[in-house]
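Hi,

Here is the structure I promised to pass on. Have a look at it first, and then read my notes underneath.

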Amino acid sequence: RGTKAWDAEALAAGGRELVKRDEWDAAIAMCDSVRRHPVARALLEGAATERTLIWADPETGVRCKARLDALSPLGGPIDIKTAADASPHGWRKSAERLMYHIQAAHYLAGCRALGLPAECMPFIVIESAPPFIVEVYPLSARTVSEGERQRQELLLRWQKYASAHPSERPGYTGNQFTEIEFSEFTLSRSFAETTEEY
(Lines give C-alpha, C1' and ligand atoms only; values in the text may rest on other atoms or scores of the structure.)
Protein backbone atom coordinates (compact mmCIF):
# COMPACT_ATOMS: atom_id res chain seq x y z
CA ARG A 1 0.00 0.00 0.00
CA GLY A 2 1.27 3.43 -0.85
CA THR A 3 3.70 2.05 -3.45
CA LYS A 4 3.56 2.83 -7.18
CA ALA A 5 2.67 -0.80 -7.96
CA TRP A 6 -0.19 -0.79 -5.42
CA ASP A 7 -1.49 2.54 -6.70
CA ALA A 8 -1.43 1.24 -10.27
CA GLU A 9 -3.35 -1.89 -9.25
CA ALA A 10 -5.87 0.21 -7.33
CA LEU A 11 -6.43 2.40 -10.39
CA ALA A 12 -6.86 -0.68 -12.60
CA ALA A 13 -9.36 -2.15 -10.12
CA GLY A 14 -11.76 0.71 -10.83
CA GLY A 15 -12.81 1.38 -7.25
CA ARG A 16 -12.92 -2.23 -6.10
CA GLU A 17 -11.09 -2.87 -2.83
CA LEU A 18 -7.70 -4.51 -3.13
CA VAL A 19 -6.62 -7.23 -0.71
CA LYS A 20 -3.05 -8.23 0.06
CA ARG A 21 -2.07 -11.77 -0.93
CA ASP A 22 -1.48 -12.89 2.67
CA GLU A 23 -4.88 -11.50 3.73
CA TRP A 24 -6.54 -13.29 0.80
CA ASP A 25 -4.82 -16.58 1.64
CA ALA A 26 -5.88 -16.29 5.28
CA ALA A 27 -9.50 -15.59 4.28
CA ILE A 28 -9.57 -18.66 2.02
CA ALA A 29 -8.05 -20.82 4.77
CA MET A 30 -10.71 -19.57 7.21
CA CYS A 31 -13.49 -20.44 4.74
CA ASP A 32 -12.01 -23.91 4.29
CA SER A 33 -11.93 -24.39 8.08
CA VAL A 34 -15.60 -23.43 8.35
CA ARG A 35 -16.52 -25.90 5.59
CA ARG A 36 -14.68 -28.68 7.44
CA HIS A 37 -16.60 -28.03 10.68
CA PRO A 38 -19.74 -30.20 10.46
CA VAL A 39 -21.99 -27.99 12.61
CA ALA A 40 -20.90 -24.70 11.03
CA ARG A 41 -21.29 -26.20 7.56
CA ALA A 42 -24.80 -27.49 8.37
CA LEU A 43 -25.88 -24.13 9.80
CA LEU A 44 -24.72 -22.25 6.72
CA GLU A 45 -26.18 -24.72 4.23
CA GLY A 46 -28.94 -22.88 2.39
CA ALA A 47 -28.60 -19.78 4.57
CA ALA A 48 -29.41 -16.31 3.24
CA THR A 49 -26.39 -14.05 3.71
CA GLU A 50 -26.04 -10.38 4.63
CA ARG A 51 -29.74 -9.81 5.18
CA THR A 52 -30.84 -6.43 6.55
CA LEU A 53 -33.76 -6.32 8.99
CA ILE A 54 -35.74 -3.15 9.73
CA TRP A 55 -38.58 -3.11 12.24
CA ALA A 56 -40.24 -1.08 14.98
CA ASP A 57 -39.67 -2.34 18.52
CA PRO A 58 -43.14 -3.24 19.86
CA GLU A 59 -42.36 -2.08 23.41
CA THR A 60 -40.91 1.36 22.68
CA GLY A 61 -41.81 2.06 19.06
CA VAL A 62 -38.13 2.74 18.31
CA ARG A 63 -37.12 1.97 14.72
CA CYS A 64 -34.52 -0.80 14.75
CA LYS A 65 -32.09 -2.22 12.23
CA ALA A 66 -29.87 -5.30 12.10
CA ARG A 67 -27.52 -6.69 9.48
CA LEU A 68 -27.32 -10.47 9.72
CA ASP A 69 -24.25 -12.31 8.54
CA ALA A 70 -26.55 -15.22 7.73
CA LEU A 71 -30.09 -16.43 8.32
CA SER A 72 -30.29 -20.19 8.60
CA PRO A 73 -33.44 -22.09 7.68
CA LEU A 74 -32.55 -24.38 10.61
CA GLY A 75 -33.42 -21.87 13.28
CA GLY A 76 -32.50 -18.25 12.85
CA PRO A 77 -29.69 -15.69 12.61
CA ILE A 78 -26.02 -16.62 12.61
CA ASP A 79 -23.13 -14.32 13.38
CA ILE A 80 -19.59 -15.01 12.20
CA LYS A 81 -16.71 -13.68 14.29
CA THR A 82 -12.94 -13.90 14.19
CA ALA A 83 -11.07 -14.14 17.46
CA ALA A 84 -7.53 -14.49 18.73
CA ASP A 85 -8.77 -17.24 21.07
CA ALA A 86 -11.75 -19.38 20.04
CA SER A 87 -11.61 -21.63 23.12
CA PRO A 88 -14.77 -21.65 25.26
CA HIS A 89 -13.05 -19.64 28.00
CA GLY A 90 -11.41 -17.19 25.58
CA TRP A 91 -14.57 -16.64 23.56
CA ARG A 92 -16.73 -16.16 26.66
CA LYS A 93 -14.39 -13.42 27.89
CA SER A 94 -14.51 -11.64 24.51
CA ALA A 95 -18.28 -12.03 24.18
CA GLU A 96 -18.82 -10.65 27.69
CA ARG A 97 -16.51 -7.69 27.11
CA LEU A 98 -18.16 -6.82 23.78
CA MET A 99 -21.69 -7.53 25.12
CA TYR A 100 -22.63 -9.93 22.34
CA HIS A 101 -25.64 -11.06 24.39
CA ILE A 102 -27.30 -7.73 23.54
CA GLN A 103 -26.47 -8.22 19.86
CA ALA A 104 -27.96 -11.72 19.93
CA ALA A 105 -31.11 -10.47 21.65
CA HIS A 106 -31.43 -7.64 19.11
CA TYR A 107 -31.06 -9.90 16.07
CA LEU A 108 -33.49 -12.44 17.50
CA ALA A 109 -36.01 -9.67 18.27
CA GLY A 110 -35.78 -8.49 14.68
CA CYS A 111 -36.36 -11.98 13.33
CA ARG A 112 -39.37 -12.47 15.59
CA ALA A 113 -40.84 -9.10 14.63
CA LEU A 114 -40.59 -10.00 10.93
CA GLY A 115 -41.86 -13.58 11.29
CA LEU A 116 -38.46 -15.14 10.57
CA PRO A 117 -36.94 -18.15 12.37
CA ALA A 118 -35.66 -17.10 15.79
CA GLU A 119 -34.94 -20.20 17.87
CA CYS A 120 -31.38 -19.17 18.76
CA MET A 121 -28.40 -17.27 17.40
CA PRO A 122 -25.19 -19.27 17.26
CA PHE A 123 -21.85 -17.55 16.79
CA ILE A 124 -19.44 -19.21 14.38
CA VAL A 125 -16.05 -18.25 15.79
CA ILE A 126 -12.88 -18.56 13.69
CA GLU A 127 -9.43 -18.11 15.15
CA SER A 128 -7.57 -15.45 13.21
CA ALA A 129 -4.26 -17.33 13.01
CA PRO A 130 -3.39 -20.79 11.63
CA PRO A 131 -4.68 -23.43 11.92
CA PHE A 132 -7.86 -21.24 11.94
CA ILE A 133 -9.77 -23.35 14.50
CA VAL A 134 -13.56 -23.05 14.21
CA GLU A 135 -16.07 -23.38 17.05
CA VAL A 136 -19.84 -22.82 17.23
CA TYR A 137 -21.21 -21.16 20.36
CA PRO A 138 -24.88 -20.43 20.99
CA LEU A 139 -25.53 -18.31 24.09
CA SER A 140 -27.63 -19.77 26.89
CA ALA A 141 -31.31 -18.83 27.14
CA ARG A 142 -30.61 -17.03 30.42
CA THR A 143 -27.79 -15.01 28.84
CA VAL A 144 -29.94 -13.95 25.87
CA SER A 145 -32.83 -13.10 28.20
CA GLU A 146 -30.56 -10.77 30.15
CA GLY A 147 -29.36 -9.32 26.85
CA GLU A 148 -32.98 -8.57 25.94
CA ARG A 149 -33.57 -6.87 29.29
CA GLN A 150 -30.53 -4.65 28.76
CA ARG A 151 -31.54 -4.03 25.15
CA GLN A 152 -34.97 -2.84 26.25
CA GLU A 153 -33.34 -0.56 28.81
CA LEU A 154 -31.16 0.99 26.10
CA LEU A 155 -34.09 1.41 23.70
CA LEU A 156 -36.17 3.06 26.43
CA ARG A 157 -33.35 5.48 27.22
CA TRP A 158 -33.02 6.32 23.52
CA GLN A 159 -36.79 6.75 23.13
CA LYS A 160 -36.95 9.13 26.11
CA TYR A 161 -34.03 11.15 24.81
CA ALA A 162 -35.40 11.32 21.24
CA SER A 163 -38.84 12.37 22.52
CA ALA A 164 -37.36 15.17 24.63
CA HIS A 165 -34.96 16.33 21.88
CA PRO A 166 -36.68 15.49 18.56
CA SER A 167 -34.26 17.38 16.32
CA GLU A 168 -31.11 17.33 18.43
CA ARG A 169 -28.31 14.83 17.92
CA PRO A 170 -25.38 16.13 19.98
CA GLY A 171 -22.70 13.77 18.68
CA TYR A 172 -19.48 13.47 20.66
CA THR A 173 -18.76 17.14 21.40
CA GLY A 174 -22.21 18.68 21.80
CA ASN A 175 -22.08 20.12 18.27
CA GLN A 176 -19.13 22.32 19.19
CA PHE A 177 -16.23 23.53 17.02
CA THR A 178 -13.51 21.27 18.40
CA GLU A 179 -9.85 21.63 17.42
CA ILE A 180 -7.86 18.38 17.21
CA GLU A 181 -4.12 18.17 17.79
CA PHE A 182 -2.21 15.01 16.90
CA SER A 183 -0.13 13.24 19.54
CA GLU A 184 3.51 14.21 20.11
CA PHE A 185 4.50 10.76 18.83
CA THR A 186 2.79 11.34 15.48
CA LEU A 187 3.99 14.93 15.11
CA SER A 188 7.61 14.00 15.82
CA ARG A 189 7.78 11.19 13.24
CA SER A 190 9.32 11.72 9.83
CA PHE A 191 7.35 11.29 6.63
CA ALA A 192 9.56 8.34 5.69
CA GLU A 193 8.64 6.53 8.93
CA THR A 194 4.91 6.92 8.34
CA THR A 195 5.01 5.73 4.73
CA GLU A 196 7.02 2.63 5.67
CA GLU A 197 3.90 1.22 7.35
CA TYR A 198 2.16 1.03 3.97
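Let's start in the middle. The largest nonpolar core has 24 residues, and the ones that touch the most other members are L53, L68, W91, F123 and V125. Six elements each put at least two residues into this core: the strands β1 (48–56), β2 (63–72) and β4 (122–127), and the helices α4 (88–97), α5 (100–113) and α6 (141–164). Helix α5 gives the most, with six residues. Keep in mind as you read that this is a predicted model.

Try clicking on L68. Leaving out residues up to four places away in sequence, L68 touches T49, E50, R51, L53, P77, Y107 and C111. Apart from the largest core there is another one, made of twelve residues, including A40, I78, I126 and F132.

Now for the pockets. The largest pocket has a volume of about 360 Å³. Its lining is made of 16 residues, and C31, V34, L44, T49 and I80 are the closest to the pocket's centre. Which elements supply this lining? At least two residues each come from α2 (21–36), α3 (38–44), β1, β2 and β3 (76–83), and α2 gives the most, with five. Sorted by class, the lining has nine nonpolar, five charged and two polar residues.

The second largest pocket holds about 250 Å³ of space. You can find it by selecting its lining: P88, W91, R92, A95, E96, M99, Y100, H101, Y137, P138, L139 and T143. W91 is worth a second look, as it was also among the residues that touch the most other members of the largest core. Here α4, α5 and β5 (134–138) each bring at least two lining residues, with α4 giving the most, five. By class, this lining splits into eight nonpolar, two polar and two charged residues.

On to the charged side chains. How many salt bridges does the structure hold? There are nine, and I picked out three for you.

- D25 and R21: their side chains meet in a salt bridge, at 3.6 Å from N to O. Both residues lie in helix α2, four residues apart, about one turn of the helix. R21 counts as exposed because its relative accessibility is 57%, over the 50% cut-off. D25, at 40%, is partly exposed.

- K81 and D79: this pair forms a salt bridge at 2.8 Å, N to O. Is K81 buried or exposed? K81 has a relative accessible area of 16%, so it falls under the 20% cut-off and is buried. D79 is buried too, with a relative accessible area of 2%.

- R149 and E146: their salt bridge is 2.5 Å, N to O. The two residues are three apart in helix α6, so about one helical turn separates them. R149 is partly exposed at 44% relative accessibility, and E146 is partly exposed at 31%.

One last thing to look up: D57, E148 and R151 are joined into one network by salt bridges that share partners.

If you want a route through the model, try L68 and its contacts, then the lining of the second largest pocket, and then the buried pair K81 and D79.

Cheers

Methods. Residues are numbered from 1 along each chain as its sequence is written. This is a predicted model: local features need pLDDT of at least 70, side-chain atom pairs count only at pLDDT 80 or more; totals for chains, interfaces and linings use all residues. Side-chain values use heavy atoms; hydrogens and water are left out. A nonpolar core is a set of buried Ala, Val, Leu, Ile, Met, Phe, Trp, Tyr and Cys residues joined through side-chain atoms within 4.5 Å. Buried means under 20% relative accessible area, exposed over 50%, partly exposed in between (1.4 Å probe, protein chains only). Contact means heavy atoms within 4.5 Å. On a 1 Å grid over the protein atoms alone, a cavity is a set of points where a 1.4 Å probe fits but cannot get out, and a pocket is an open set with protein on both sides within 12 Å along at least five of seven lines; lining residues have an atom within 4 Å of a point. Grid points are joined across faces, edges and corners, and a volume is the space filled by probe spheres set on the points. Ala, Val, Leu, Ile, Met, Phe, Trp, Tyr, Cys and Pro count as nonpolar, Asp, Glu, Lys and Arg as charged, and the others, Gly among them, as polar. A salt bridge is a side-chain nitrogen of Lys or Arg within 4 Å of a carboxyl oxygen of Asp or Glu.
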